Amino acid sequence: IYSSALTEDQIKIDMNAGSAINLGTGQNEANNLTDGAGNPPVAYYPMDENTGSSYTYDHSGNGLNMTLVYIDNSDWVPCKFGSCLDFDGTSEYAWYQDTTGSVLDITDAITVEAWIKSRANQGKYTRIVDKSYQTAWTFSSRGTGTNNLSVWINNAERAYTSDDVFSNNKWAHVAFTYDKNAGGTDEVKIYVNGTLVASGDYST
């Protein structure tokens, strides 16, 4: 999660590196990105502990460690890069109790990225990353159709893709950005594997 709207090229860099590339804090920033000093991620979860049932740790430096719910050691599996968690899509999840004034109180621009691998067609509402669809934002599947993506901000759907933008049993890098000051159109954008696949207007 970044508190800025990354460009398509920057999202591709993140995707190809398989990590947050230490944006704004590491040597790769100056070499790879075009936004100068850049903005470091405000939250970054590799989910690569490969053991445990209590926490998955934030590697951004902000200490926003997530609590694991209904997770046991059998849920740690080999993944795109190292290990990760295999969520059952029903009861298992990870969460962080946000507080007022935290670095997650993002209002004007944001980027949310994730690697996903679905075992079955997502014909139901399935959250990928969620703060609150009513008062903040949610990145999820739509709840109708199959293998699509949707972004809700402040209690309304602001952008969504067509069906089948990712395939079952294959890793896909998914992302959305929001830029309040984008100029009146296409403030919300959705990317799959580094390519823009949908956009929508929302400047409030």
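The lining of the second largest pocket in this predicted model is made up of 7 nonpolar, 4 polar and 4 charged residues. The space in the second largest pocket comes to about 260 Å³, and among its 15 lining residues Ile 106, Thr 107, Thr 135, Ala 136 and Asn 154 are the closest to the centre.

Two of these lining residues lead on to other parts of the chain. Asn 154, one of the residues closest to the centre of the second largest pocket, sits in the loop between S9 and strand S10 (157-160), and its phi is positive, near 50°, although the residue is not glycine. As a general matter, most residues other than glycine have a negative phi. Ile 106, also among the residues closest to the pocket centre, is in addition a contact of Ile 1.

Ile 1 in turn belongs to the largest nonpolar core, which has 27 residues and in which Ile 1, Ile 110, Trp 137, Phe 139, Val 174, Phe 176 and Ile 190 have the most contacts. At least two residues of this core come from each of strand S6 (109-116), strand S8 (137-140), strand S9 (150-153), strand S11 (172-179) and strand S12 (188-192). When neighbours within four places in sequence are left aside, Ile 1 is in contact with Pro 41, Val 42, Ala 43, Leu 104, Ile 106, Ile 110, Thr 111, Val 112, Val 129 and Trp 137. A second core, separate from this one, has 6 residues, including Met 47, Met 66, Trp 76 and Leu 85.

For the chain as a whole, 2 helices and 13 strands are assigned, and 37% of the 204 residues are buried. Of the contacts between residues at least 6 apart in sequence, 45% join residues at least 24 apart.

Four loop residues can be set side by side by their relative accessibility.

| Residue | Relative accessibility | Class |
|---|---|---|
| Ser 118 | 8% | buried |
| Asn 154 | 34% | partly exposed |
| Thr 161 | 4% | buried |
| Asn 193 | 37% | partly exposed |

Ser 118 is placed in the loop between S6 and strand S7 (127-130), and it counts as buried because its relative accessibility is 8%, the cut-off for buried being under 20%. The side chain of Ser 118 reaches the backbone oxygen of Ala 120 at 2.6 Å, while Phe 166, Asn 168 and Asn 169 are the residues that Ser 118 touches once those up to four places away in sequence are not counted.

Thr 161 lies in the loop between S10 and S11 and, with a relative accessible area of 4%, is buried as well. Apart from neighbours within four places in sequence, Thr 161 is in contact with Arg 142, Asn 148, Leu 149, Ile 190, Val 197 and Ala 198. One of these partners, Ile 190, is 29 residues from Thr 161 in sequence, yet the two lie 7.5 Å apart in space, C-alpha to C-alpha; Ile 190 is also among the residues with the most contacts inside the largest nonpolar core.

Asn 193 is found in the loop between S12 and strand S13 (195-200), where its phi, near 50°, is a positive value in a residue other than glycine. Asn 193 is classed as partly exposed because its relative accessible area is 37%, which falls between the limits of 20% and 50%.

Key. Residues are numbered from 1 along each chain as its sequence is written. This is a predicted model: local features need pLDDT of at least 70, side-chain atom pairs count only at pLDDT 80 or more; totals for chains, interfaces and linings use all residues. Side-chain values use heavy atoms; hydrogens and water are left out. A nonpolar core is a set of buried Ala, Val, Leu, Ile, Met, Phe, Trp, Tyr and Cys residues joined through side-chain atoms within 4.5 Å. Buried means under 20% relative accessible area, exposed over 50%, partly exposed in between (1.4 Å probe, protein chains only). Helices (H or I, at least four residues) and strands (E, at least two) are DSSP runs, numbered from the N terminus. Contact means heavy atoms within 4.5 Å. On a 1 Å grid over the protein atoms alone, a cavity is a set of points where a 1.4 Å probe fits but cannot get out, and a pocket is an open set with protein on both sides within 12 Å along at least five of seven lines; lining residues have an atom within 4 Å of a point. Grid points are joined across faces, edges and corners, and a volume is the space filled by probe spheres set on the points. Ala, Val, Leu, Ile, Met, Phe, Trp, Tyr, Cys and Pro count as nonpolar, Asp, Glu, Lys and Arg as charged, and the others, Gly among them, as polar. A polar contact is a pair of N or O atoms within 3.5 Å; within protein, one must be able to donate a hydrogen and the other to accept it, and residues adjacent in sequence count only if both atoms are side-chain atoms.
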